[in-house]
Amino acid sequence: MSRPQRQQNATGQARDLGGFKNQQPERIYGKGYKNRLQRLPAVRFALIILLFLAWGCAGRGTDHESLPARDWNPRQVARLQAPAGGKLTFAVLGDNRSNPAVFDRGIKEMAGDSSLTFAIIVGDMVERGALEEFNDFFKQIQPYGRMPFLTAVGNHDLGKDRDLTLYREIFGPDYYSFQVKDNYFIVVNDVESDGIGEVQWGWLEKELRQSRSYKTRLVFLHTPLFDPRGG
(Lines give C-alpha, C1' and ligand atoms only; values in the text may rest on other atoms or scores of the structure.)
Protein backbone atom coordinates (compact mmCIF):
# COMPACT_ATOMS: atom_id res chain seq x y z
CA MET A 1 0.00 0.00 0.00
CA SER A 2 1.40 3.40 -0.92
CA ARG A 3 2.15 5.91 1.81
CA PRO A 4 1.79 9.46 0.47
CA GLN A 5 3.20 12.33 2.49
CA ARG A 6 0.88 14.54 4.52
CA GLN A 7 1.21 17.39 6.92
CA GLN A 8 2.07 16.54 10.52
CA ASN A 9 -0.86 16.19 12.87
CA ALA A 10 -1.81 19.09 15.12
CA THR A 11 -1.16 18.65 18.82
CA GLY A 12 -4.73 19.46 19.76
CA GLN A 13 -3.56 21.92 22.42
CA ALA A 14 -4.68 25.53 22.47
CA ARG A 15 -2.03 27.81 20.98
CA ASP A 16 -0.33 30.41 23.15
CA LEU A 17 -1.03 33.63 21.28
CA GLY A 18 1.59 35.52 23.28
CA GLY A 19 1.07 39.11 24.38
CA PHE A 20 2.89 41.49 26.71
CA LYS A 21 2.38 44.34 29.11
CA ASN A 22 4.17 47.48 28.03
CA GLN A 23 6.07 48.57 31.15
CA GLN A 24 8.16 51.32 29.55
CA PRO A 25 6.18 53.29 26.96
CA GLU A 26 8.90 55.94 26.62
CA ARG A 27 11.13 53.39 24.91
CA ILE A 28 8.60 53.08 22.10
CA TYR A 29 7.18 56.57 21.75
CA GLY A 30 9.96 58.74 23.24
CA LYS A 31 9.85 60.93 26.36
CA GLY A 32 6.98 63.39 26.57
CA TYR A 33 4.75 61.37 24.26
CA LYS A 34 1.66 62.06 26.40
CA ASN A 35 2.09 65.82 26.15
CA ARG A 36 2.47 65.64 22.38
CA LEU A 37 -0.75 63.63 22.04
CA GLN A 38 -2.58 66.11 24.22
CA ARG A 39 -1.47 68.92 21.90
CA LEU A 40 -2.79 67.04 18.87
CA PRO A 41 -6.59 66.68 19.17
CA ALA A 42 -6.80 65.23 15.65
CA VAL A 43 -4.42 62.42 16.58
CA ARG A 44 -6.40 61.71 19.71
CA PHE A 45 -9.63 61.60 17.71
CA ALA A 46 -8.09 59.25 15.17
CA LEU A 47 -6.92 56.94 17.95
CA ILE A 48 -10.45 56.83 19.35
CA ILE A 49 -11.83 55.87 15.93
CA LEU A 50 -9.22 53.15 15.52
CA LEU A 51 -9.97 51.75 18.97
CA PHE A 52 -13.68 51.70 18.15
CA LEU A 53 -13.07 49.83 14.89
CA ALA A 54 -10.74 47.37 16.63
CA TRP A 55 -13.36 46.73 19.30
CA GLY A 56 -16.00 46.02 16.63
CA CYS A 57 -13.73 43.61 14.75
CA ALA A 58 -12.77 41.86 17.98
CA GLY A 59 -16.44 41.32 18.77
CA ARG A 60 -17.09 39.70 15.43
CA GLY A 61 -13.99 37.51 15.86
CA THR A 62 -15.20 36.33 19.25
CA ASP A 63 -18.54 35.28 17.75
CA HIS A 64 -16.78 33.34 15.01
CA GLU A 65 -14.44 31.65 17.47
CA SER A 66 -17.16 30.64 19.96
CA LEU A 67 -16.53 26.92 19.66
CA PRO A 68 -18.80 24.38 21.35
CA ALA A 69 -15.73 22.63 22.82
CA ARG A 70 -11.94 22.53 22.68
CA ASP A 71 -9.73 19.43 22.93
CA TRP A 72 -12.90 17.39 23.30
CA ASN A 73 -11.43 13.92 22.78
CA PRO A 74 -8.43 14.32 25.14
CA ARG A 75 -10.80 15.58 27.83
CA GLN A 76 -13.15 12.64 27.28
CA VAL A 77 -10.25 10.18 27.52
CA ALA A 78 -9.27 11.80 30.83
CA ARG A 79 -12.77 11.01 32.13
CA LEU A 80 -12.55 7.28 31.40
CA GLN A 81 -12.73 5.01 34.41
CA ALA A 82 -12.13 1.29 34.35
CA PRO A 83 -15.27 -0.65 35.31
CA ALA A 84 -15.28 -2.95 38.30
CA GLY A 85 -14.68 -6.58 37.47
CA GLY A 86 -13.43 -7.89 34.16
CA LYS A 87 -16.27 -6.84 31.88
CA LEU A 88 -15.98 -3.80 29.62
CA THR A 89 -19.01 -2.61 27.63
CA PHE A 90 -19.05 0.36 25.27
CA ALA A 91 -21.18 1.66 22.40
CA VAL A 92 -20.14 2.25 18.79
CA LEU A 93 -22.21 4.29 16.36
CA GLY A 94 -21.76 6.51 13.33
CA ASP A 95 -23.25 8.49 10.45
CA ASN A 96 -25.85 10.23 12.57
CA ARG A 97 -25.62 13.31 10.33
CA SER A 98 -28.77 12.69 8.28
CA ASN A 99 -31.25 11.65 10.97
CA PRO A 100 -31.16 13.60 14.26
CA ALA A 101 -34.36 11.95 15.50
CA VAL A 102 -32.91 8.43 15.25
CA PHE A 103 -29.64 9.65 16.77
CA ASP A 104 -31.54 11.18 19.69
CA ARG A 105 -33.30 7.88 20.43
CA GLY A 106 -29.96 6.08 20.30
CA ILE A 107 -28.15 8.38 22.71
CA LYS A 108 -31.13 8.30 25.09
CA GLU A 109 -30.86 4.50 25.20
CA MET A 110 -27.12 4.71 25.81
CA ALA A 111 -27.60 7.26 28.58
CA GLY A 112 -29.97 4.88 30.33
CA ASP A 113 -27.55 1.95 30.18
CA SER A 114 -25.39 2.12 33.29
CA SER A 115 -23.17 -0.72 32.04
CA LEU A 116 -21.64 1.43 29.28
CA THR A 117 -18.17 2.78 30.04
CA PHE A 118 -18.05 5.10 27.03
CA ALA A 119 -19.37 5.61 23.50
CA ILE A 120 -17.49 6.31 20.28
CA ILE A 121 -18.93 7.70 17.08
CA VAL A 122 -16.92 6.76 14.02
CA GLY A 123 -17.47 9.89 11.97
CA ASP A 124 -20.01 11.89 9.97
CA MET A 125 -21.43 13.63 13.00
CA VAL A 126 -22.58 16.52 10.80
CA GLU A 127 -23.69 16.98 7.21
CA ARG A 128 -20.84 19.43 6.58
CA GLY A 129 -18.01 20.51 8.83
CA ALA A 130 -19.36 23.98 9.66
CA LEU A 131 -19.38 25.64 13.08
CA GLU A 132 -23.17 25.92 13.31
CA GLU A 133 -23.59 22.21 12.61
CA PHE A 134 -21.05 21.21 15.23
CA ASN A 135 -22.87 23.50 17.66
CA ASP A 136 -26.11 21.62 16.94
CA PHE A 137 -24.35 18.28 17.45
CA PHE A 138 -23.07 19.29 20.88
CA LYS A 139 -26.45 20.66 21.88
CA GLN A 140 -27.92 17.25 21.09
CA ILE A 141 -25.42 15.25 23.16
CA GLN A 142 -25.12 17.77 26.02
CA PRO A 143 -28.01 16.38 28.11
CA TYR A 144 -26.30 12.97 28.16
CA GLY A 145 -22.92 14.06 29.46
CA ARG A 146 -22.63 11.38 32.13
CA MET A 147 -20.81 9.06 29.76
CA PRO A 148 -17.56 9.93 27.93
CA PHE A 149 -18.32 10.37 24.23
CA LEU A 150 -15.37 9.98 21.85
CA THR A 151 -15.15 10.62 18.12
CA ALA A 152 -13.33 9.62 14.96
CA VAL A 153 -13.38 11.99 11.99
CA GLY A 154 -15.60 11.28 8.98
CA ASN A 155 -15.48 12.78 5.51
CA HIS A 156 -18.55 14.93 6.20
CA ASP A 157 -16.81 16.39 9.26
CA LEU A 158 -14.15 18.05 7.10
CA GLY A 159 -14.35 21.80 6.49
CA LYS A 160 -15.48 23.57 3.32
CA ASP A 161 -11.99 23.20 1.83
CA ARG A 162 -11.94 19.55 2.99
CA ASP A 163 -9.51 20.47 5.74
CA LEU A 164 -9.29 19.52 9.42
CA THR A 165 -8.78 22.98 10.92
CA LEU A 166 -12.15 23.32 12.65
CA TYR A 167 -12.34 19.65 13.60
CA ARG A 168 -8.95 19.84 15.32
CA GLU A 169 -9.88 23.05 17.13
CA ILE A 170 -12.97 21.40 18.58
CA PHE A 171 -11.98 17.75 19.03
CA GLY A 172 -8.17 17.85 19.24
CA PRO A 173 -5.89 15.41 17.37
CA ASP A 174 -7.56 13.60 14.48
CA TYR A 175 -5.90 10.31 15.46
CA TYR A 176 -5.11 9.07 18.96
CA SER A 177 -5.06 6.04 21.25
CA PHE A 178 -6.15 5.21 24.78
CA GLN A 179 -6.28 2.25 27.14
CA VAL A 180 -8.91 0.87 29.50
CA LYS A 181 -7.55 -1.92 31.70
CA ASP A 182 -6.08 -4.55 29.35
CA ASN A 183 -7.81 -3.14 26.25
CA TYR A 184 -6.06 -0.88 23.75
CA PHE A 185 -8.05 1.44 21.48
CA ILE A 186 -6.65 3.14 18.37
CA VAL A 187 -8.60 5.85 16.52
CA VAL A 188 -7.50 6.53 12.94
CA ASN A 189 -8.18 9.33 10.45
CA ASP A 190 -8.57 7.73 7.01
CA VAL A 191 -10.89 10.22 5.29
CA GLU A 192 -8.43 12.60 3.64
CA SER A 193 -7.58 12.42 -0.05
CA ASP A 194 -4.15 10.89 0.63
CA GLY A 195 -5.45 8.20 2.98
CA ILE A 196 -3.80 8.05 6.37
CA GLY A 197 -0.54 9.60 5.15
CA GLU A 198 3.08 8.87 5.95
CA VAL A 199 3.19 10.52 9.40
CA GLN A 200 0.07 8.80 10.70
CA TRP A 201 1.15 5.49 9.15
CA GLY A 202 4.38 5.57 11.13
CA TRP A 203 2.43 6.42 14.29
CA LEU A 204 0.01 3.53 13.66
CA GLU A 205 2.81 1.01 13.18
CA LYS A 206 4.38 2.16 16.45
CA GLU A 207 1.04 1.92 18.29
CA LEU A 208 0.45 -1.62 17.03
CA ARG A 209 3.92 -2.71 18.13
CA GLN A 210 3.61 -1.14 21.58
CA SER A 211 0.16 -2.62 22.23
CA ARG A 212 1.01 -6.28 21.53
CA SER A 213 0.88 -7.22 25.20
CA TYR A 214 -2.73 -6.08 25.61
CA LYS A 215 -5.48 -8.67 25.68
CA THR A 216 -7.62 -6.78 23.15
CA ARG A 217 -6.68 -4.26 20.48
CA LEU A 218 -9.37 -2.42 18.55
CA VAL A 219 -8.98 0.07 15.69
CA PHE A 220 -11.71 2.59 14.86
CA LEU A 221 -11.97 4.44 11.55
CA HIS A 222 -14.65 5.90 9.32
CA THR A 223 -13.96 4.50 5.86
CA PRO A 224 -13.82 0.67 5.80
CA LEU A 225 -10.62 -0.94 4.58
CA PHE A 226 -12.69 -2.70 1.92
CA ASP A 227 -16.31 -2.61 0.78
CA PRO A 228 -18.11 -5.54 2.50
CA ARG A 229 -20.79 -5.45 -0.22
CA GLY A 230 -18.28 -6.57 -2.83
CA GLY A 231 -17.61 -4.99 -6.21
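Good morning. I begin with one pair of residues: in strand S5, the bridge partner of Gln 179 is Tyr 184. From that pair I shall work outwards through this structure, which is a predicted model.

Gln 179 belongs to strand S4, which covers residues 176-180. S4 is joined by five bridges to S5, residues 183-187, and the two strands run antiparallel. Together S4 and S5 make a hairpin, with two residues between them. One residue of that turn, Lys 181, has a positive phi of about 55°.

Which side chains of S4 are buried, and which are not? In a regular strand the side chains alternate between the two faces of the sheet. S4 shows this alternation: Tyr 176, Phe 178 and Val 180 point to one face and are buried. Ser 177 and Gln 179 point to the other face and are not buried.

Let me now add the third strand. The hairpin is part of an open sheet of three strands, in the order S4-S5-S6, and the pairing in this sheet is mixed. S4 and S6, the latter spanning 216-220, stand at the edges with a single partner strand each, so one side of each has no neighbour in the sheet. On average, and ignoring direction, neighbouring strands here are turned by 15° against each other. S5 and S6 pair in the parallel sense, over five bridges. Within that pairing, the bridge partner of Val 187 in S6 is Phe 220. Helix H8 packs on this sheet and touches S4, S5 and S6; the direction of H8 makes about 175° with that of S5.

One residue of H8 deserves a closer look. H8 runs over residues 197-210, and Glu 207 is found in this helix. Is Glu 207 buried or exposed? Its relative accessibility is 8%, and the cut-off for a buried residue is under 20%, so Glu 207 counts as buried. Leaving aside neighbours within four places in sequence, Glu 207 is in contact with Ser 177, Tyr 184 and Ile 186. Tyr 184 is the residue we met at the start, as the bridge partner of Gln 179. As for Ser 177, it is 30 residues from Glu 207 in sequence, while the two are 7.9 Å apart in space, C-alpha to C-alpha.

I turn next to another sheet. Three strands form an open sheet in the order S1-S2-S3, and here the pairing is parallel. S1 and S3 are at the edges, each with a single partner strand, so one side of each is left without a neighbour in the sheet. From one strand to the next, the twist averages 25°. S1 and S2 pair over five bridges in the parallel sense. Two positions illustrate the register: Val 92 stands opposite Ile 120 in S2, and Leu 93 stands opposite Ile 121 in S2. How much of S2 is covered? The strand is mostly covered, and six of its six residues are buried.

Next comes helix H5, residues 100-111. H5 has twelve residues and reaches 16 Å from its first C-alpha to its last, close to the 16 Å expected at 1.5 Å a residue. Phe 103, Ile 107 and Met 110 are buried in H5. Seen down the axis of the helix, the buried residues of H5 fall within an arc of 55°, so they line one face. The general principle is that an α-helix has 3.6 residues a turn, so residues three or four places apart point the same way. On the face turned away from the buried side, H5 carries the exposed residues Arg 105 and Glu 109. The cover over the buried residues of H5 includes strands S1, S2 and S3 and helix H6.

Between S1 and H5 there is a loop, and Asn 96 lies in it. Asn 96 is buried, with a relative accessible area of 9%. Beyond its neighbours within four places in sequence, Asn 96 is in contact with Phe 103, Ile 121, Asp 124, Met 125 and Phe 137. Among these, Phe 103 is one of the buried residues of H5, and Ile 121 is the residue opposite Leu 93.

I close with the confidence of the prediction. The protein chain averages a pLDDT of 79, and 72% of the residues score at least 70. Over residues 1-37 the pLDDT is below 50, and this stretch has 44 contacts in the model beyond near neighbours in sequence. Residues 55-64 also stay under 50, and the model has one contact for them beyond four places in sequence. Thank you.

Terms used. Residues numbered from 1 in each chain as written. Predicted model: local features only at pLDDT ≥ 70, side-chain atom pairs only at ≥ 80, totals over all residues. Heavy atoms only, no water. Helix = DSSP H or I, 4+ residues; strand = E, 2+ residues; numbered from the N terminus. Expected span 1.5 Å × (residues − 1). Buried < 20%, exposed > 50% of the residue type's maximum accessible area, 1.4 Å probe, protein only. Arc of directions from axis to C-beta. Contact = heavy atoms within 4.5 Å. Pairing = 2+ DSSP bridges. Axes fitted to C-alpha atoms, helices over the stretch in contact; angles between N-to-C directions. pLDDT = per-residue confidence, 0-100.
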